[in-house]
Amino acid sequence: MKVLAGIVTALLVVSVLLVLAVRADPDVPLVLSGSDARLPYCTTYEPVIVADLTTETLPACAPHGVELRFPDGFVIDLPDEPGAGGRPSDRYDYGYVDVGAFGMYASRADHACEHVEQWGTPEAIRRVTEAFGDDYACVSDQQ
């Protein structure tokens, strides 16, 4: 049973790293070590409030299969597996990245990229901007 759990954990870590590496600029991928990527799934199904992501406290669990709610009421349904994604609206591009043990990163940018907001722990924001660039929130093809 321990071997099976180890294999499942290894597959999950590899999946997270592959998803994050594919989304990144090939020259500067978002890299998480195995321990950074291993965060147990949350057992509650409460929505994730984007404003609450801006904290110094690292998360105890990774949300999955729940709503990600932005301050203006826009909602993205998080998938069951960790990764990155987003959706455009008439006015904004919304995005998120699961940064493993460093928490979730979320962003909202108007289409002209004149107004950008980012939420997450300082380390999650740093890792996303380092890997994907300062204008990651503005890239409409991140979805």
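This is a short tour of the structure, stop by stop, with what to select and what you will find there.

**Before you start**

You are looking at a predicted model, in which local features need pLDDT of at least 70, side-chain atom pairs count only at pLDDT 80 or more, and totals for chains, interfaces and linings use all residues. Residues are numbered from 1 along each chain as its sequence is written, and side-chain values use heavy atoms, with hydrogens and water left out.

**Stop 1: the three-strand sheet**

Select residues 48-49, 67-69 and 75-77. Strands here are DSSP runs of E with at least two residues, helices are runs of H or I with at least four, and both are numbered from the N terminus. Two strands count as paired if DSSP finds at least two bridges between them. What you have is an open sheet in the order S1-S2-S3, with mixed pairing. S1 (48-49) and S3 (75-77) are the edges; each has a single partner strand, so one side of each is left without a neighbour in the sheet. Now zoom in on S1 and S2 (residues 67-69), which pair in the parallel sense over two bridges. Show Val48 and you will see Leu68 of S2 standing opposite.

**Stop 2: the first disulfide**

Next, pick Cys42 and Cys61. A disulfide is a covalent bond between the sulfur atoms of two cysteines. The cut-off used here is a pair of cysteine sulfur atoms within 2.5 Å, and by that rule there are two disulfides. In this one, the sulfur atoms of Cys42 and Cys61 sit 2.1 Å apart. The link of Cys42 and Cys61 is right-handed, with 90° about the S-S bond. Cys42 is in the loop between helix H2 (34-37) and S1, and Cys61 is in the loop between S1 and S2, so the pair ties together parts that are 19 residues apart in sequence.

Are these two cysteines buried or exposed? On a scale where buried means under 20% relative accessible area, exposed over 50% and partly exposed in between (1.4 Å probe, protein chains only), Cys42 is buried at 12%, while Cys61 is partly exposed at 26%.

**Stop 3: the largest pocket**

Keep Cys61 on screen and add Val48, Leu53, Pro59 and Pro63. A pocket is found on a 1 Å grid over the protein atoms alone: it is an open set of points where a 1.4 Å probe fits, with protein on both sides within 12 Å along at least five of seven lines, and lining residues have an atom within 4 Å of a point. The largest one holds about 400 Å³ of space, a volume filled by probe spheres set on the points, which are joined across faces, edges and corners. Of its 24 lining residues, Val48, Leu53, Pro59, Cys61 and Pro63 are the closest to the centre.

What lines the largest pocket? Its residues divide into 14 nonpolar, seven polar and three charged. In that count, Ala, Val, Leu, Ile, Met, Phe, Trp, Tyr, Cys and Pro are nonpolar, Asp, Glu, Lys and Arg are charged, and the others, Gly among them, are polar.

**Stop 4: the four-strand sheet**

Move along the chain to the open sheet of four strands, ordered S4-S5-S6-S7 with antiparallel pairing. S4 (84-88) and S7 are its edge strands, each pairing on one side only. Inside the sheet, select S5 (residues 92-98) and S6: seven bridges join these antiparallel strands. Show Gly95 to find Ser107 of S6 opposite.

**Stop 5: the second disulfide**

Select Cys113, in the loop between S6 (104-110) and S7 (116-119). Cys113 has a positive phi of about 60° although it is not a glycine, and is partly exposed, with a relative accessible area of 31%. Now add Cys138: the two form a disulfide, with their sulfur atoms 1.5 Å apart. The torsion about that S-S bond is about 50°, so the disulfide is right-handed. The pair links distant parts of the chain, 25 residues apart, with Cys138 in the segment after helix H3 (122-132). Cys138 is buried, at 19%.

**Stop 6: H3 and what follows**

Finish with H3, where the buried residues are Ala124, Arg127, Val128, Thr129, Ala131 and Phe132. Just after H3, Gly133 takes a positive phi of about 105°. Farther on in the segment after H3 is Ala137, buried at 2% relative accessibility. Select Val116 as well: its C-alpha atom and that of Ala137 are separated by 7.0 Å, with their positions 21 residues apart along the chain.
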